[in-house]
Amino acid sequence: MATPAQWVAGARPRTLPAALAPVLVGTGAAAALGGFRPGPAVLALLVALALQVAVNYANDHSDGKRGTDADRVGPMRLVGSGAASARAVLLAALLAFAVAAVAGLVLAALSSWWLVAVGAVCIAAAWTYTGGPLPYGYRALGEVFVFVFFGLVAVAGTTFVQTGRVEGLALAAAVPIGLLSTALLVVNNLRDVEGDARVGKRTLAVLLGDRATRLCYVGLLAAAFAVVVAIGIGRPEALLALVAVPLAVPPSRVVLSGGRGPALIAALQATGLLTLATGVLLGAGLALSG
C-alpha cells in the first residue's frame, strides 16, 4: 500500500505551476479589463489544480498498465513501481476529475453553461493524453495540447468567467504561459527520451532527437518572453514579467550543455519555478495596467 508521501509524489506537485500560472495571468487580464471577481477566480484555480492532479494520476495509471514506467529516470510512479494498484490510482484520478467537474459546474452556473462543454473537452483531453486506445501523448501531440489547454483555454477561460467575454488581451497573454507550459513537457520528455523510445512511446522528443529537442526547449523560453515584450508595447506594466528572465538561465544551461538524468530533473523543477514566477509577474503587471 502506498504511503501518503508516495501519493503526494504521485500527484507530481512539480507540475502544478503549469496549472496555477494561467489562472494568475487570466485573473490579471480580467483585472486589466475591469472585471476581476475573486469568487470565480478561486473556482477557476480549483478546477485547474484538480485537473492537473487528475491527469497526473491518470497518466500514472495508463503508463503503468502499459509498462511504460517500468524503467524510469524521473520520480517514482505509483503503478509502475508497484507501490499502488492500477485500480487505486484510477480511483484517485476519478476523484480529482470529480472535484474539477463540481467546481466547473459551479463556475458554469455563475457565468455560462457553455463552460460545461469546455470542461467536458478538457476532461477528455486529460484522460486521452496517455489513456484510451489512441493516446495522443504517444503520437507527439502532447505539446500541442498543452499549449492549447494550459495556455489558450486556461487563461482565456479564467478571464471569461470573471468578465463574461473573451478579449484579445487574454488570448495574447495566454501565449507566453502556453509556451512555458509546453517547455515543461519538452524537458520532461527529454529526460525520458531513451526509455520512451525503447517502449514505443513516440513523444516529440523521440521524433526530434536529442539535440533538436534541446534547441526546441530554449526556443520556447525565448519565444515566451518575446511575446511578453510584444504585449508590453501596448501595456508597459506587463514588462514586469521580464524580471523572471534570469530564472531561465540555469535550466537552459543544463539543457544546452547536454545534461541528463538527475540534471534534467533539476531543470524540470527550475522550469516549473520559471513558469510560476512569470505567471505571478505577468498577472500582476496586467492587473496594474487596468
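1. Start with how helix 11 goes past helix 12: the crossing is left-handed (the near helix is turned anticlockwise from the far one by less than a right angle; clockwise would make it right-handed). Helix 11 covers residues 210-234 and helix 12 covers residues 249-256, and their axes come within 9 Å and cross at roughly 165°. That makes helix 11 roughly antiparallel to helix 12 (angles over 145 degrees count that way, under 35 as roughly parallel, 65 to 115 as roughly perpendicular and the rest as oblique). Axes here are lines fitted to C-alpha atoms, for helices over the stretch in contact, with angles running from 0 to 180 degrees between N-to-C directions. Helices are DSSP runs of H or I with at least four residues, strands are runs of E with at least two, and both are numbered from the N terminus.

2. A word on what you're looking at: this is a predicted model, where local features need pLDDT of at least 70 and side-chain atom pairs count only at pLDDT 80 or more, while totals for chains, interfaces and linings use all residues. Residues are numbered from 1 along each chain as its sequence is written, and side-chain values use heavy atoms, with hydrogens and water left out.

3. Back to the first pair, and who touches whom. Helix 11 brings R211, R214, L215, Y217, V218 and L221 to the contact, and helix 12 brings P251, S252, V254, V255 and L256; contact means heavy atoms within 4.5 Å. Sorted by class, this contact of helix 11 with helix 12 has eight nonpolar, one polar and two charged residues. For the classes, Ala, Val, Leu, Ile, Met, Phe, Trp, Tyr, Cys and Pro count as nonpolar, Asp, Glu, Lys and Arg as charged, and the others, Gly among them, as polar.

4. Now try helix 6 (114-128) and helix 7 (142-163). Their axes come within 12 Å and cross at roughly 155°. That makes helix 6 roughly antiparallel to helix 7, and the crossing of the two is left-handed. From helix 6, L115, V118, V121, C122 and A125 meet F145, F149, V153, F160 and V161 of helix 7. By class, that contact has ten nonpolar, no polar and no charged residues.

5. Helix 6 also packs against helix 3, which runs over residues 38-66; the axes come within 8 Å and cross at roughly 30°. That makes helix 3 roughly parallel to helix 6, and helix 3 passes helix 6 in a right-handed crossing. On the helix 3 side you'll find L51, V55, A58, N59, H61 and S62, which meet C122, I123, A126 and W127 in helix 6. The residues of this contact divide into seven nonpolar, three polar and no charged.

6. N59 in helix 3 deserves a click. It is buried, with a relative accessible area of 5% (buried is under 20%, exposed over 50%, partly exposed in between, using a 1.4 Å probe and protein chains only). Not counting residues up to four places away in sequence, N59 touches R12, G64, A126, Y129 and T130. The C-alpha atoms of N59 and R77 are separated by 9.5 Å, with their positions 18 residues apart along the chain.

7. Two loop residues have backbone angles to check. R12, in the loop between helix 1 and helix 2, has a positive phi of about 55° although it is not a glycine, and R12 is buried at 15% relative accessible area. A140, in the loop between helix 6 and helix 7, is not a glycine either, yet has a positive phi of about 60°; A140 is buried too, at 16%.

8. T15 sits in the loop between helix 1 (4-10) and helix 2 (17-32). With a relative accessible area of 22%, T15 is partly exposed. Leaving aside neighbours within four places in sequence, T15 is in contact with Q52 and N56.

9. For an exposed residue, look at W114 in helix 6, which has 72% relative accessibility.

10. Finally, the record. The UniProt annotation "transmembrane region", from an unreviewed entry, covers several stretches, including 169-191 and 263-288; such annotations may be inferred rather than shown by experiment, feature names are shortened, and positions are given in the numbering used here. In the model, residues 169-191 are 100% helix and 0% strand, with end C-alpha atoms 34 Å apart. Residues 263-288 are also 100% helix and 0% strand, with the end C-alpha atoms 37 Å apart.
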